[in-house]
Amino acid sequence: MHTFERDITSLRSQALAVLAANQARAADQSLSQADRQDATFSAEEAQAALGILDSLKPNIGPEEARKIAARIRTLLEWDV
């Protein structure tokens, strides 16, 4: 497996973990409405990141791949 594919697989796993955690928070009735809304927004961002990852083609250049991976990592780290 190439580095790009490993990075995408890793980012996808992170995005799925963020999505699951935020979906659970969004459904947690013990949290405030504001916290649940924030979790819903974060889950939507993770879902968007998954959409980006799923649409990437393996033949993009390494520089573009690094930029995309860095942007998605930043998004996912912010949401955790």
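How many Å apart are the mean positions of the 9 positive and 12 negative charges of the protein? They sit 6 Å apart, with Lys and Arg counted as positive, Asp and Glu as negative, and His and the chain ends not counted. Each charge is placed at NZ of Lys, CZ of Arg, CG of Asp or CD of Glu.

A word on the model before the views. This is a predicted model, where local features need pLDDT of at least 70 and side-chain atom pairs count only at pLDDT 80 or more, while totals for chains, interfaces and linings use all residues. Residues are numbered from 1 along each chain as its sequence is written, and side-chain values use heavy atoms, with hydrogens and water left out.

**View 1. The whole chain is three helices and zero strands.** Running from the N terminus, the elements go α-α-α; helices (H or I, at least four residues) and strands (E, at least two) are DSSP runs, numbered from the N terminus. Along the principal axes, the C-alpha atoms fill a box of roughly 45 × 20 × 15 Å. Of the contacts between residues at least 6 apart in sequence, 62% join residues at least 24 apart, a contact being heavy atoms within 4.5 Å. The protein exposes about 5300 Å², and carbon and sulfur atoms supply 56% of that. Those areas come from the Shrake-Rupley method with a 1.4 Å probe; for residues, only the protein chains shown count as cover.

**View 2. The largest nonpolar core has 17 residues.** To belong to such a core, buried Ala, Val, Leu, Ile, Met, Phe, Trp, Tyr and Cys residues must be joined through side-chain atoms within 4.5 Å. Buried means under 20% relative accessible area, exposed means over 50%, and partly exposed is in between (1.4 Å probe, protein chains only). The residues with the most contacts inside the core are Phe4, Leu11, Leu19, Leu53, Ile60, Ile72 and Leu76. Helix 1 (3-27), helix 2 (33-55) and helix 3 (62-79) each chip in at least two residues, and the largest share, six residues, comes from helix 1. In soluble globular proteins, nonpolar side chains tend to be buried together. Over the whole protein, buried residues make up 29% of the 80 residues.

**View 3. Helix 1 has the span its residue count calls for.** Its 25 residues should cover 36 Å at 1.5 Å a residue, and its end C-alpha atoms are indeed 36 Å apart; the expected span is 1.5 Å times one less than the number of residues. Its buried residues are Phe4, Ile8, Leu11, Ala15, Val18, Leu19 and Asn22.

**View 4. Helix 2 also comes out close to its expected span.** It has 23 residues and reaches 33 Å from its first C-alpha to its last, with 33 Å expected. Buried here are Arg36, Ala39, Ser42, Ala43, Glu45, Ala46, Ala49, Leu50 and Leu53. Gly51 sits in this helix too, but Gly51 is partly exposed because its relative accessible area is 39%. The C-alpha atoms of Gly51 and Arg12 are 9.6 Å apart, though 39 residues separate them along the chain. Gln47 is another helix 2 residue, partly exposed at a relative accessible area of 43%. From Gln47 to Ile60, 13 residues along the chain, the C-alpha separation is 22 Å.

**View 5. Ile60 is in the loop between helix 2 and helix 3.** Leaving aside neighbours within four places in sequence, Ile60 touches Phe4, Ala65 and Ile68. The C-alpha atoms of Ile60 and Phe4 are separated by 9.3 Å, with their places 56 residues apart along the chain.

**View 6. Pro62 belongs to helix 3.** Pro62 counts as exposed because its relative accessibility is 57%. Its C-alpha atom is 7.6 Å from that of Phe4, 58 residues away along the chain.
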